[in-house]
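Work through the following exercises with the sequence and the coordinates open beside you. Each one sets a task and then gives a solution in steps.

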Amino acid sequence: MTAEGLTSEDRRWLAACAALAARARPLSAPNPGVAALVVKHGVVLGRGWTAPGGRPHAEAVALDQARTAAEGATLYVTLEPCAHRSLRGPACADLVAAAGLARVVIGVQDPDPRTDGSGAEILRAAGIEVVLADSPACRASLKGFLTRQASGRPHVTLKLAVSADGFIGPLSGEPVAITGAIARAHVHRQRALNEGIVVGSGTLRADNPRLDVRLPGLESLSPARFVLTRGEAPAGWAALASPQAITSLLPMQYVYVEGGAATAAAFLQGGLVDELHIYAAPHSLGTGIPAFGPLGPATGSAPPPGFVLVDRRQLGADVLLVYQPEAHQPGTLGI
């Protein structure tokens, strides 16, 4: 099962699949957010993404739409069809094998040991051509699941809004809007893509933030709220004793860390940041709280050592800079 036989058209359809998978995040939890397309002669006959709660799976939805027209078609799917049978539903590999498809193009092999290649073997045994693309776009769409499988913890995005001289607020600690309305709306969208959100106890005491989603139609996607503290959490919050305690949040796949500077430094020093989002404002504060606490300000919106820039977006007068650790750069789909 290799990328041999992968065409430019295949890559285009896999990229479309990866974009479609964003519709499953984060409601597919505890299952990965997968997407699938049934395509014949350049026409989409069926499409699907993992339903809220994890069932039905993307392949089942897409094949149900295509029905008998799937015969001789190609199935594009971001993750290898599952091979394990469950009380919640059949194995997708069995459904796909029975659909009469000619080809299946898989974005990422499933690292779950219950499948991990055996799903593809079921398809090949049914006489279906199987291509494993190892698609960067598909890997990016599955980064929460892949991080959970590889590291035993959720994927962590650290967000900071910083002034042009690298501060997140005045030394007084008084809440100040660093960025404009467009950037703040983008942050709300990011919250909606995560299952949990974390702040430090100092930020909670000083700002009493709501940390909910206030975009019309997305309010129900507000993530669960956690405060980094060894003490008790106030009503509506849950305590997280340390950054390393995010392992206790499993099976969550996506966690958003939103403040403050000491919390940002703690997650960075713990090697727990998979993606760093810096919302950079064009104005300076002159002096203030360094963005990375004891690690210093984000001067010129630069990240700490070991991070590389992977994306840049203009958001009104502000700029979103996306960084990832040099060691792993799965992509930035969905920002």
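**Exercise 1.** In this predicted model, decide whether cysteine 82 is buried or exposed, and then describe the surroundings of the annotated positions His57, Cys82 and Cys92.

*Solution.* Begin with accessibility: cysteine 82 has a relative accessibility of 6%, and because the buried class is defined as under 20% relative accessible area, cysteine 82 counts as buried. Next, locate the residue, which sits in the loop between E3 and helix H3 (92-97). Leaving aside neighbours within four places in sequence, cysteine 82 is in contact with His57, Glu59, Ala91, Cys92, Ala93 and Thr115.

Now repeat the procedure for cysteine 92, which belongs to helix H3 and is buried with a relative accessible area of 1%. Again not counting residues up to four places away in sequence, cysteine 92 touches His57, Glu59, Pro81 and Cys82.

Finally, turn to the record: in an unreviewed entry, UniProt places the feature "binding site" at His57, Cys82 and Cys92. These positions are spread over 36 residues of sequence, yet they cluster in space, with a largest C-alpha distance of 9.3 Å. From this set, His57 and Cys82 are part of the lining of the second largest pocket.

**Exercise 2.** Determine which residues have the most contacts inside the largest nonpolar core, and trace which helices and strands each supply at least two residues to this core.

*Solution.* The largest nonpolar core has 40 residues, and Val38, Leu101 and Val104 are those with the most contacts inside it. Going through the secondary structure, one finds that at least two core residues each come from the helices H1 (8-20), H2 (58-66), H4 (118-125) and H6 (143-151), and likewise from the strands E1 (35-40), E3 (74-79), E4 (103-108) and E5 (129-132). In soluble globular proteins, nonpolar side chains tend to be buried together.

To see the packing around one member, take valine 38: not counting residues up to four places away in sequence, valine 38 touches Val43, Val44, Leu45, Gly46, Ala62, Leu63, Ala66, Ala70, Ala73, Thr74, Leu75 and Leu101. A second, separate core has 29 residues, including Leu158, Val198, Ala298 and Tyr323.

**Exercise 3.** Classify alanine 262 as buried or exposed, do the same for threonine 263, and then place helix H9 (residues 261-269) in its surroundings.

*Solution.* Alanine 262 is found in helix H9, and its relative accessible area of 59% makes this residue exposed. Threonine 263 is also found in helix H9, but this residue is buried, with a relative accessible area of 5%.

For the contacts of threonine 263, leave out residues up to four places away in sequence; what remains is Val199, Gly200, Leu228 and Val257. One of these partners deserves a second look, as the backbone nitrogen of glycine 200 lies 3.3 Å from a polar atom of the threonine 263 side chain.

Then widen the view to the helix: Ala261, Thr263, Ala264, Ala265, Phe267 and Leu268 are buried in H9. The buried residues of H9 pack against the strands E6 (155-162), E7 (196-200), E8 (224-228), E10 (254-259) and E12 (307-315). Just after H9, glycine 271 takes a positive phi of about 65 degrees.

**Exercise 4.** Describe the largest pocket and work out which residues of the UniProt "binding site" annotation that includes Ala161 and Asp207 belong to its lining.

*Solution.* The largest pocket contains about 1000 Å³ of space. It is lined by 37 residues, of which Lys159, Val176, Thr203, Asp207 and Glu258 are the closest to its centre. Two or more lining residues are given by each of E6, helix H7 (181-192), E7, helix H8 (201-207), E10 and H9.

The annotation, taken from an unreviewed UniProt entry, covers Ala161, Asp207, Gly260, Ala261, Ala262, Thr263, Ala264, Ala265 and Ala266. From this set, the lining of the largest pocket takes in Ala161, Asp207, Gly260, Ala261, Ala262 and Thr263.

**Exercise 5.** Find how many cavities of 30 Å³ or more the whole structure holds, and characterise the largest cavity.

*Solution.* The search finds two cavities of 30 Å³ or more, and the largest cavity has a volume of about 150 Å³. Of the 20 residues lining the largest cavity, Ala21, Ala22, Arg25, Ser141 and Tyr254 are the closest to its centre. The elements that give two or more residues to this lining are helix H5 (136-141) and H6.

Conventions
Residues are numbered from 1 along each chain as its sequence is written. This is a predicted model: local features need pLDDT of at least 70, side-chain atom pairs count only at pLDDT 80 or more; totals for chains, interfaces and linings use all residues. Side-chain values use heavy atoms; hydrogens and water are left out. A nonpolar core is a set of buried Ala, Val, Leu, Ile, Met, Phe, Trp, Tyr and Cys residues joined through side-chain atoms within 4.5 Å. Buried means under 20% relative accessible area, exposed over 50%, partly exposed in between (1.4 Å probe, protein chains only). Helices (H or I, at least four residues) and strands (E, at least two) are DSSP runs, numbered from the N terminus. Contact means heavy atoms within 4.5 Å. UniProt positions are given in the numbering used here, feature names are shortened, and annotations may be inferred rather than shown by experiment. On a 1 Å grid over the protein atoms alone, a cavity is a set of points where a 1.4 Å probe fits but cannot get out, and a pocket is an open set with protein on both sides within 12 Å along at least five of seven lines; lining residues have an atom within 4 Å of a point. A polar contact is a pair of N or O atoms within 3.5 Å; within protein, one must be able to donate a hydrogen and the other to accept it, and residues adjacent in sequence count only if both atoms are side-chain atoms. Grid points are joined across faces, edges and corners, and a volume is the space filled by probe spheres set on the points.
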